[in-house]
Amino acid sequence: MSESTRLAAWRLGIIVGALLIVEASVRGGWISTFFLAAPTRAALVFWQQLTYGNALLLTSITLCEIAACLVIAAVFGVLAGFFLWRHKLIGTSYEMLLAALFSSPVILAYPIFLVTFGRTSAAVIALSSIFGLIPIIMNTRSAFQNVNPILLQVGASMNLTRRQLFRHILIPAVAPAIFSGFRLALTYILKSVLGLEYVAQVGGVGMWLSDAAYKFEVEEVYAGLFGTIALSILFLYLINRSERWFRK
Amino acid sequence: MAGPPPNRSAIAAKIQTPFGIRALTLLGVVVIWEFIGRAGLLFPELFPSVTEILQSLWTYVTTPVMLPHLKASLYEVGGAIAIAAVSGVPLGILWGSKKSWLEIVEPLILYAAVVPKIVIFPVFILFLGIDVHSKLAVGAIAAFFPISLLTIAGMREVKKVYVDVARTIGASPLQIAMNVYLPAIAGQVFTGIRIGLGAAVTGALLAETKVAKAGLGFMIVEYYGQFRIADMYSLLLFIFILASLANWAMKSVFGFLSPVSRQGGDAGMYF
């Protein structure tokens, strides 16, 4: 057995062990089903929602919101990052403002977005895009800043035009760092979208969880929670895989 | 008698600094907002004038109207950060002290860290009710991840020779944790707690906006429900100022206690 398989087996063992303890606690009557659903029951409800309910539709809504946020954040983020790199003084000045904005609890301003965009996915997309935008701006700016000047000198010595310099030297040099920004942005967008969907009770998977909680359907709450966690983990896994593939 | 008029180029030089541009940007935003608010050019209900917002903020600062809500939120955030630190630091030390444990546990923590903690709130409501304790729990779990992950990061930097020396002189695991690991990782732990504070504020207050009886987050949604937009903006401003002050205070105290903690970055989105 390889080292990575052994580690994966351990991790799986920890998760399965924890679920078995919960299952035994609920079935044994040590914890009331009013508080906790047996994992098998929650899994069954999740499966029913997946096959007969609207879990797939809700997941697709969440994924569309995430995709829209990423597109907005990528387009505006790369352009803004490039602008801040080109205008050094403005870039240095705004770096601190962006960092301050990113670390402040901006998400609490979601009612403003609900008032502006209505209780729709547009509000979720508008606010979540901000959380994707900032890491992309910062990574893009730092990617351009860190381009090896020798590469640019080589390009200049080969009499490359500005367009050729940009296409053949700058873009390949900055792409990996910008991609890292996308990865970071996706993680933040995912958290923001799911969190806002739950809090504002709008959109996809997060709204499902919120609806279940309002109805006090304990098994459905845990099924929705399972769906949200599974989506987050699957998303991170795919992001990590794609980054590895991109770096090859 | 008025002095000579300041040289234009000197003013321009002052503006053309990062501080000058930042100040000018903020001033520009305030002036444009005030103009839009007074002229009613853009969604008059959504953009109250800055003076209106500041008047409302003044009410919060000078009257006890917010006191019960502030108390509830402070209790939640304070309790959350205490629980997260008390659980996150020892667990971080435990996981980080053995490579084999860390290899198993770290990916699980990293994957769990991505899950927005607010979605666990319905579970906490089931167990703890809609009072302050369910929000405290959301804040605690939100703060736990940055604290434990930074503790683990600190543990990675502890030189093995220190631990070997402690073992040679017969130190117990608890003594090694208290006298070797903890002083060596103090900087990272402090940074983790500071970032955890941001996570706890966001987690607890966001939970308050969902279901609560009191708290600053609860008031945001109350004002939103009553369409008191100027009050809502001023309350958000109040929260941002409080969070920034708390962050600054922690940065100063921890920076004094351990200079390493000054190198730490600011909080991202850990809610």
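**Exercise 1.** How many residues does helix α3 of chain B have, and what does it reach from its first C-alpha to its last?

Solution. The model is predicted: local features need pLDDT of at least 70, side-chain atom pairs pLDDT 80 or more, while totals for chains, interfaces and linings use all residues. Residues are numbered from 1 along each chain as written, with chains lettered from A and ligands numbered from 1 in written order.

Step 1. Helices are DSSP runs of H or I with at least four residues, numbered from the N terminus. Helix α3 of chain B (residues 50-62) has 13 residues.
Step 2. The expected span is 1.5 Å times one less than the number of residues. The helix reaches 18 Å, close to the 18 Å expected.

**Exercise 2.** Find the buried and exposed residues of α3(B).

Solution. Step 1. A residue is buried with 20 or more other C-beta atoms within 10 Å of its own, and exposed with 12 or fewer (C-beta atoms are placed from the backbone). B:V50, B:I53, B:S56 and B:Y60 are buried.
Step 2. Seen down the axis, the buried residues of α3(B) fall within an arc of 130°, so they line one face; the arc is that of the directions from the helix axis to the C-beta atoms.
Step 3. The face turned away carries exposed B:T51, B:W58 and B:T62.
Step 4. The cover of the buried residues includes α2 and α11 of chain B.

**Exercise 3.** Describe the side of chain B that touches chain A.

Solution. Step 1. Contact requires C-beta atoms, placed from the backbone, within 7 Å. In contact are 43 residues of chain B and 43 residues of chain A.
Step 2. On this side of chain B, α9(B) gives the most, with seven residues.

Key:
Contact = placed C-beta atoms within 7 Å. Helix = DSSP H or I, 4+ residues; strand = E, 2+ residues; numbered from the N terminus.
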